[in-house]
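Let's take a friendly walk through a protein together. Have the sequence and the 3D view ready, and pause whenever you want to find a residue for yourself.

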Amino acid sequence: AVVVRNVCAMSGIRILSRPCQASLRWLGVPARLSDVLAFGGDFCASLISAVVSAPLNQVYSYAVTSEQYMLAAPWERVDLIQRYLCESYLVYTSDGRLAGFSSTFGRDLLLRCIYLSTLMSLFAASERLCVACWKRWLGR
């Protein structure tokens, strides 16, 4: 789960950033503001990947902190994960029908989006700065 979670998280700046930048240009951000477009594209892409990787992050957190999960057989682990996600993030009516998402789901998703989008956007900006300095230092 941790590998898939990290792949999803990194895909934001590696795969989705350019399409997000194109969307920002379409929305009216001038192309001459390339640094703003790059950071905005990274931020939007990281938000998308935060949403996609959120369930994987919760599964990983549950798996590494649950003794019951650690002791369970592989087929039982799938059931434990499903029960954990349903009990944590879904609300049911008194007759057992699905009513919607819990407030915990919104809170956890919001916190993950804030954390991951900020972290990954700053990572990408730092990476761009290092590459620009390296090229300048080499004289290219």
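What covers the buried residues of H4? The cover includes H2, helix H3 (67-71), strand E1 (90-92), strand E2 (98-101) and H5. Keep in mind as you look that this is a predicted model.

Now turn to the helix under that cover. The buried residues in H4 are Leu-80, Ile-81 and Tyr-89. They cover an arc of only 120 degrees around the axis, which means that they lie on the same side of H4. Look at the other side of H4 and you will find Trp-75 and Glu-87, which are exposed. To count as buried, a residue must have under 20% relative accessible area, while an exposed one has over 50%.

You can also check the length of this helix. H4 has 16 residues, and at 1.5 Å a residue they should span 22 Å. The C-alpha atoms at its ends are 23 Å apart, which agrees with that expectation.

Next, pick out one residue in helix H2, namely Ser-46. Is Ser-46 buried or exposed? Its relative accessible area is 0%, so Ser-46 is buried. Which residues does Ser-46 touch, once its neighbours within four places in sequence are left aside? Its contacts are Gly-12, Ile-13, Leu-116, Ser-117, Met-120 and Ser-121.

From buried residues we can move on to pockets. The largest pocket holds about 230 Å³ of space. Helix H1 (2-26), helix H2 (34-65) and helix H5 (103-138) each give two or more residues to its lining. H1 gives the most, with 6 residues. To find this pocket in your view, look for lining residues including Ile-13, Arg-14, Asp-42 and Arg-128. By type, the lining of the largest pocket divides into 4 nonpolar, 2 polar and 5 charged residues. You have already met Ile-13, since this lining residue is also a contact of Ser-46.

The second largest pocket has a volume of about 160 Å³. Here the elements that give two or more residues to the lining are H2, helix H4 (74-89) and H5. Among the lining residues are Pro-55, Leu-85, Phe-105 and Arg-112. This lining divides into 7 nonpolar, 2 polar and 2 charged residues. Tyr-89 is another familiar name: it helps to line the second largest pocket, and it is one of the buried residues of H4.

Technical notes
Residues are numbered from 1 along each chain as its sequence is written. This is a predicted model: local features need pLDDT of at least 70, side-chain atom pairs count only at pLDDT 80 or more; totals for chains, interfaces and linings use all residues. Side-chain values use heavy atoms; hydrogens and water are left out. On a 1 Å grid over the protein atoms alone, a cavity is a set of points where a 1.4 Å probe fits but cannot get out, and a pocket is an open set with protein on both sides within 12 Å along at least five of seven lines; lining residues have an atom within 4 Å of a point. Grid points are joined across faces, edges and corners, and a volume is the space filled by probe spheres set on the points. Helices (H or I, at least four residues) and strands (E, at least two) are DSSP runs, numbered from the N terminus. Ala, Val, Leu, Ile, Met, Phe, Trp, Tyr, Cys and Pro count as nonpolar, Asp, Glu, Lys and Arg as charged, and the others, Gly among them, as polar. The expected span of a helix is 1.5 Å times one less than its number of residues. Buried means under 20% relative accessible area, exposed over 50%, partly exposed in between (1.4 Å probe, protein chains only). The arc is that of the directions from the helix axis to the C-beta atoms. Contact means heavy atoms within 4.5 Å.
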